Amino acid sequence: MQVYVLLVLCVLFWSANFVLGRFVAGAIEPWELAFFRWLGVFVVTLPFLLLHVKKIWSALKQHFGILVVLSALGIAAFNTLLYIGLQKTTATNALLINSSIPMVIVLLSFLILKTPIAKIQIAGILLSTLGVVFLVLKGDIHSIFTLSFNPGDFWVIASSVCWASYSVLVKFRPSSLSSFEFFITTVSLGLVMLLPFYLAQGYTWEREVMILTHYTWVFAYVVLFTSILCYYLWHHGIAHIGAGKTGQFTHLMPLFGSFLAYLFLGERLEWYHFGGIVLIFGGIYLCVGIKKKSM
């Protein structure tokens, strides 16, 4: 039960990040938000990195390939592609695309890890996905025919595939590294990958100082909560209940996002939000509750 509570908190903090992202949209560009986010994490974790540098360096020499792949997927690409996509697509489209992550995780787990897919798990995925669709369409299923796709949607799709792939492939991370050692290793590598793309944007020194000064609280949140705490909780979930079950909790993001928008952005709660709650929690229960009892 504890791992499920921690995953709910993880998704709650991630959902708050979406609300925060809407607040700073237009003021902070995607490459800036991604780069300074991981630079902040690197600075915070640097003392720990220095204490374990020999162990981490040894793991890098032995497992360089998988560490580079995981760093590219989970650190450099995932959030950056999402930030870029959200500049060009609607929130409705992004949430619908994001709801596909659990299904992609289950499919990749089956193809790569040979993890069997139970019928009850498929039913749970479909039910919670229906809850997300019901929520973002505001209970009007006919409005799905009015949705249109634009280039931003493909950035969000790429982001979702990156995170699903990362969640499955993280099983192959070096066992010699602790969870936190693995995290700071991938952050360091991911930051190196992001650096040339960030520099290529040609931001001025004055602009960056202004942004860091004016939005210190934003970067503090994405560094401490969205990055360090959430990544720890997500990996804790994968280690204890597997990537497939952990992925189901991403369906809570649009639900939490709606409530947080109500609290902090003044958006209204409607009847369809509560209908979405029933479907989403029902689907998660089928995936992680009933199957667990039958084991």
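1. Order of elements. From the N terminus on, the chain runs α-α-α-α-α-α-α-α-α-α-α-α-α. The count comes to 13 helices and 0 strands. Note that this is a predicted model.

2. Contacts along the chain. Take the contacts in the chain with a separation of 6 or more. Residues 24 or more positions apart account for 89% of them.

3. Burial and surface. The chain has 295 residues, and buried ones make up 50% of these. The exposed area is about 14,200 Å². Carbon and sulfur atoms supply 73% of that area.

4. The second largest pocket. Its volume is about 580 Å³. The lining counts 26 residues. Closest to the pocket centre are Ile238, Ile241, Gly242, Ala243 and Gly244.

5. Where the lining comes from. Which helices each supply at least two residues of the lining of this pocket? They are helix 6 (101-112), helix 8 (151-169) and helix 11 (216-248). Helix 11 gives the most, with 11 residues. The five residues named in point 4 as closest to the centre, Ile238, Ile241, Gly242, Ala243 and Gly244, carry numbers inside the 216-248 range of helix 11.

6. Character of the lining. By class, the lining of the second largest pocket has 12 nonpolar residues. A further 10 are polar and 4 are charged. Among the residues closest to the centre, Ile238, Ile241 and Ala243 belong to the nonpolar class. Gly242 and Gly244 count as polar here.

Technical notes:
Residues are numbered from 1 along each chain as its sequence is written. This is a predicted model: local features need pLDDT of at least 70, side-chain atom pairs count only at pLDDT 80 or more; totals for chains, interfaces and linings use all residues. Side-chain values use heavy atoms; hydrogens and water are left out. Helices (H or I, at least four residues) and strands (E, at least two) are DSSP runs, numbered from the N terminus. Buried means under 20% relative accessible area, exposed over 50%, partly exposed in between (1.4 Å probe, protein chains only). Contact means heavy atoms within 4.5 Å. Accessible areas come from the Shrake-Rupley method with a 1.4 Å probe; for residues, only the protein chains shown count as cover. On a 1 Å grid over the protein atoms alone, a cavity is a set of points where a 1.4 Å probe fits but cannot get out, and a pocket is an open set with protein on both sides within 12 Å along at least five of seven lines; lining residues have an atom within 4 Å of a point. Grid points are joined across faces, edges and corners, and a volume is the space filled by probe spheres set on the points.
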